[in-house]
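Visitor: I would like to learn how to read a structure like this one. Could we go through it together, one feature at a time?

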Amino acid sequence: MNFEDTPQEAAFRAEARAWITANAPKQYEDELRKSSLGRTRLEGANVLEVAKAWQKKKADAGWACLHWPKDYGGRGSSPIERVIWQQEEGAFGKLSAMFIIGHGMCGPTMMAFASEEQKRHYLPPLASGENVWCQLFSEPSAGSDVAGLRTRAEKRGDDWIVNGQKIWTSGAHYSDYGILLTRTDPTAPKHKGLTMFFLDMKSPGVEVRPIKQASGQSDFNEVYFSDVKIPDAQRLGNVNDGWNVALTTLMNERMSIGAGVATGFPELFEFCNNLMLEDGLAIDDRNVRSKLANWAVRASGLKYTSLRAISALSKGERPGPENSIGKLVAGAMIQEVAMFALDLEGAAGVLNGPEAELAGKFQAMLLRAPGTRVEGGTDEIMRNIIAERVLGLPGDVRVDKDLPFNQIPTKGRA
Ligand SMILES: Cc1cc2nc3c(=O)[nH]c(=O)nc-3n(C[C@H](O)[C@H](O)[C@H](O)COP(=O)(O)OP(=O)(O)OC[C@H]3O[C@@H](n4cnc5c(N)ncnc54)[C@H](O)[C@@H]3O)c2cc1C
């Protein structure tokens, strides 16, 4: 591992830093720095609008979607340059949250399977944030096992007619387009009868219903499809080959979720340095110090695991399924850290507004953490990936893999 920039990387870093210093929306820097996992609030401003304006400014100057080809709105940068940009963008990068799915998953899927004309039409406004995209995969009974989905697409002339329901669709309520995985052949085994499309979220028959979360926010939705018409030209990949298309999306999902791992440790460390308990500063308490030491070790393990992935990128290698380790360890850690911070706050820990300690930073973390442990693959699924693909242990038992989908027992469900 070599953590030093090469001369070329150092030059790129300097150029990125200079542009960010001159152009970033500095009036929001403090608030963005303070905003924790799960909540970005900007006083007197609409986060969506601020995020879109920053993305457009980056795109106009050639700093959006760095790793995408220039023809599609990117910069044609190397993966390591993308990492350097993220390091330099710092707190302003939090404004990219609403674009992660579009840039990290939908864009790469379009790039691999859409026609050249479609790529030139749809990708630049996706890169610049003018259009937001969502990922319509999970259903009420198809999450970890997404190949078990039931939303049907039936061919009628040059169109497909879609009926069914998706759930947990992040950002569907402000999305312009989505990529949609459907079942087109229920007589084939579950992975073999699927087809992928992209669609305009304003199409007649698409109904988006926001889900209210414990935090009071609504970040994701149920999406219902009633006789939604999608032209065959918007099919991605071959009919019944949607699983292969979905694998491209899911591989990119793991890469973008694994890329940045928040642990909550720096925030907790700072908090303990300032918090006065009955008998002195929290940082001087033996129990607090012992907990902090354990988390410091874990945070440092994560840091070096992530640096190892960055070092691989720098050498032109692709990070492997080891990225799952970051998501698994950090997801659990952030939940433990937030719970501990609320314990330290005592009775004040129940407050959850601007009057709470650090404006409710740890409360927001605690309420978001379970979602972090589920999205993009649950803890158990991450463990399966690590067991099978990193450690080479025997595969999970998949009893229904080769059965025709319509013969899989459903306990009476249609
Ligand atoms: C914050 C958030 C955002 C999301 N955004 C999107 C989105 O934009 N688009 C989208 O399509 N989906 C999205 N999802 C859905 C997400 O992909 C699914 O929730 C996830 O894959 C888990 O599926 P599930 O909820 O159906 O749980 P299930 O798959 O039903 O799992 C239930 C439990 O069983 C365990 N389990 C399941 N299979 C196995 C196994 N083989 N071995 C061991 N244990 C197992 C799980 O770990 C879990 O504990 C989002 C979810 C969250 C929380």
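Visitor: How many salt bridges does a search of the whole structure find?

Guide: Happy to start there. Keep in mind that this is a predicted model. The search finds 20 salt bridges. To read one, look at which side chains meet, then at where each partner sits along the chain.

Visitor: Which parts of the chain does the pair of Glu15 and Arg75 link?

Guide: The side chains of Glu15 and Arg75 meet with an N to O distance of 3.3 Å. Glu15 belongs to helix H1 (residues 7-23), while Arg75 is in the loop between helix H3 (47-60) and helix H4 (79-89). The two are 60 residues apart, and the pair links distant parts of the chain. Glu15 is partly exposed, at 43% relative accessibility.

Visitor: Where do Lys56 and Asp60 lie?

Guide: Both are in helix H3, 4 residues apart, which is about one turn of the helix. Their closest N and O atoms are 2.9 Å apart in the salt bridge. For accessibility, Lys56 is partly exposed at 31%, and Asp60 is exposed at 57%.

Visitor: Is Lys190, the salt-bridge partner of Asp145, buried or exposed?

Guide: Lys190 is buried, with a relative accessible area of 4%. Asp145, on the other hand, is partly exposed at 36%. The closest N and O atoms of this salt bridge are 2.8 Å apart. Asp145 comes from the loop between strand E1 (133-136) and strand E2 (152-156), and Lys190 from the loop between strand E4 (177-183) and strand E5 (194-200), so the salt bridge ties together parts 45 residues apart in sequence.

Visitor: Which residues are linked in a network of salt bridges?

Guide: That network is made of Asp5, Arg13, Arg17 and Glu88.

Visitor: Let's turn to the cysteines. How many disulfides does the search find?

Guide: It finds 0 disulfides in the whole structure. The way to read this is to check sulfur-to-sulfur distances against the cut-off, since a disulfide needs two cysteine sulfur atoms within 2.5 Å.

Visitor: Why is there no bond for Cys65 or Cys134?

Guide: For Cys65, the closest cysteine sulfur is in Cys106, 11 Å away, which is too far for a bond. For Cys134, the closest cysteine sulfur is also in Cys106, at 6.8 Å, and that too is too far. Accessibility adds to the picture: Cys65 is buried at 8%, and Cys134 is buried at 0%.

Visitor: Now the ligand. Which residues come nearest to it?

Guide: There are 19 residues around the ligand, and the nearest are Gln135, Ser144, Trp168, Thr378 and Glu380. By class, this shell has 6 nonpolar, 9 polar and 4 charged residues.

Visitor: Which atoms of the ligand are paired with Phe137, Ser170 and Thr378?

Guide: Here it helps to separate backbone from side chain. An oxygen atom of the ligand is 3.0 Å from a polar backbone atom of Phe137. With Ser170, a ligand nitrogen atom is 2.7 Å from an N or O atom in the side chain. With Thr378, a ligand oxygen atom is 2.6 Å from an N or O atom in the side chain.

Visitor: How much of the ligand's accessible area does the protein cover?

Guide: The protein covers 69% of the 970 Å² that the ligand has on its own. Strand E3 (159-170), helix H11 (361-374) and helix H12 (379-390) are the elements that each give two or more residues to the shell.

Terms used. Residues numbered from 1 in each chain as written. Predicted model: local features only at pLDDT ≥ 70, side-chain atom pairs only at ≥ 80, totals over all residues. Heavy atoms only, no water. Buried < 20%, exposed > 50% of the residue type's maximum accessible area, 1.4 Å probe, protein only. Salt bridge = Lys/Arg side-chain N within 4 Å of Asp/Glu carboxyl O. Near = heavy atom within 4 Å. Polar contact = N/O pair within 3.5 Å; in protein donor to acceptor, adjacent residues only side chain to side chain. Areas by Shrake-Rupley, 256 points an atom, 1.4 Å probe, with all protein chains shown as cover. Nonpolar A, V, L, I, M, F, W, Y, C, P; charged D, E, K, R; others polar.
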